[in-house]
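Visitor: I am new to this structure and would like a close look at a single part of it, beginning with one helix and moving on from there to whatever helps to place it. Could you take me through it slowly?

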Amino acid sequence: FRSIISTILVSAISYTERTLSTKDFILLVLRSWKRALIVGFYGTIGLDLGYIYCLFSLARPGSLYFGHVAFFTFYLACIVFYNIIYLHTSVFWALSMVISVMEENCYGFKAVKKATELIQGKSIPGCILNTIFAVLSVILFQGFRVIRGHKWLDRKSVV
């Protein structure tokens with residue numbers, strides 16, 4: 001959480017064009033870590049419990065009625081469905097994290113409510129942008145794995 005808090009605070013401070021000493025910046029980070037931790041905890045619990053609920057509530061009845069092939073199909077459908085929901089709700093959770101860091105008395109569900117009010121009507125573009133970044137990060141991650149794998153194979157073949 002320290003890196004998230006630091007990024008939010010550095011962005012906000014640079015936008016206002018004021019300067020802070022290192023000591024003041026550390027104090028700001030220390031003052032806001034509890035609020036960010038609470039929002040992060042709610043977000044993690046909510047999204048993880050939603051994932052477990054989605055898998056077990058949709059996939060298990062399908063497997064009882066249709067068999068193992070349907071179980072696998074329902075399982076994949078649940079994963080796709082959950083990822084779409086996750087990408088949509090993560091926009092709200094990310095903004096609520098920013099709100100909890102920037103505002104002293106706004107954290108937890110109050111920050112989520114305020115984020116929902118701020119995003120109202122703009123959640124679809126945020127979700128699309130979030131999806132684009134998610135796809136790009138997967139492509140980059142897999143690309144680095146391939147590059148690293150080729151280097152490993154080259155070293156092993158030389159020895």
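Guide: Helix α1, which covers residues 2-16, is built from 15 residues and reaches 21 Å from its first C-alpha to its last, close to the 21 Å expected at 1.5 Å a residue. The model in which this helix is seen is a predicted one. Within α1, the buried residues are I5, I8, L9 and I13. Because these residues cover an arc of only 125 degrees around the axis, they lie on the same side of α1. The general reason is that an α-helix has 3.6 residues a turn, so residues three or four places apart point the same way. The face of α1 turned away from that buried side carries S3, T7, S14 and Y15, which are exposed. Just after the helix comes E17, and this residue takes a positive phi of about 60 degrees.

To place α1 in its setting, it helps to step back to the whole chain, whose secondary structure comes to 5 helices and 0 strands, so that, read from the N terminus on, its elements run α-α-α-α-α. Of the 159 residues of the chain, 25% count as buried, and the chain exposes about 11800 Å², of which carbon and sulfur atoms supply 71%. Among contacts between residues at least 6 apart in sequence, 62% join residues at least 24 apart.

Helix α4 can be read in the manner used for α1. Its buried residues are A111, V112, A115 and I119, and since they cover an arc of only 100 degrees around the axis, they are placed on the same side of α4. On the face turned away from this buried side, α4 carries the exposed residues F109, K113 and E117. After α4 comes G121, whose phi is positive, near 90 degrees.

One residue of that exposed face, F109, leads on to the aromatic rings, for the structure holds 2 aromatic pairs. In one of them, F41 and Y42 form a tilted pair, with 6.2 Å from centre to centre and 50 degrees between the planes. In the pair of Y42 and F109, the ring centres are 4.5 Å apart and the planes stand at 15 degrees, so this pair is stacked. Y42 lies in helix α2 (residues 22-66) and F109 in helix α4 (residues 109-119), so the stacked pair ties together parts that are 67 residues apart in sequence. Y42 is partly exposed, with a relative accessible area of 30%, while F109 is exposed, with a relative accessible area of 57%. Taken together, F41, Y42 and F109 form one aromatic cluster.

A last residue to look at is S100, which has its place in helix α3 (residues 68-102). At 0% relative accessibility, S100 counts as buried. Leaving aside its neighbours within four places in sequence, S100 is in contact with R35, A36, V39, C106, Y107 and A111. Among these partners is A111, one of the buried residues of α4, and that returns us to the helix described above.

Note on methods:
Residues are numbered from 1 along each chain as its sequence is written. This is a predicted model: local features need pLDDT of at least 70, side-chain atom pairs count only at pLDDT 80 or more; totals for chains, interfaces and linings use all residues. Side-chain values use heavy atoms; hydrogens and water are left out. Helices (H or I, at least four residues) and strands (E, at least two) are DSSP runs, numbered from the N terminus. Buried means under 20% relative accessible area, exposed over 50%, partly exposed in between (1.4 Å probe, protein chains only). Contact means heavy atoms within 4.5 Å. Accessible areas come from the Shrake-Rupley method with a 1.4 Å probe; for residues, only the protein chains shown count as cover. Rings of Phe, Tyr and Trp (its six-membered ring) pair if their centres lie within 6.5 Å; planes under 30 degrees apart count as stacked, over 60 as edge-to-face and the rest as tilted. The expected span of a helix is 1.5 Å times one less than its number of residues. The arc is that of the directions from the helix axis to the C-beta atoms.
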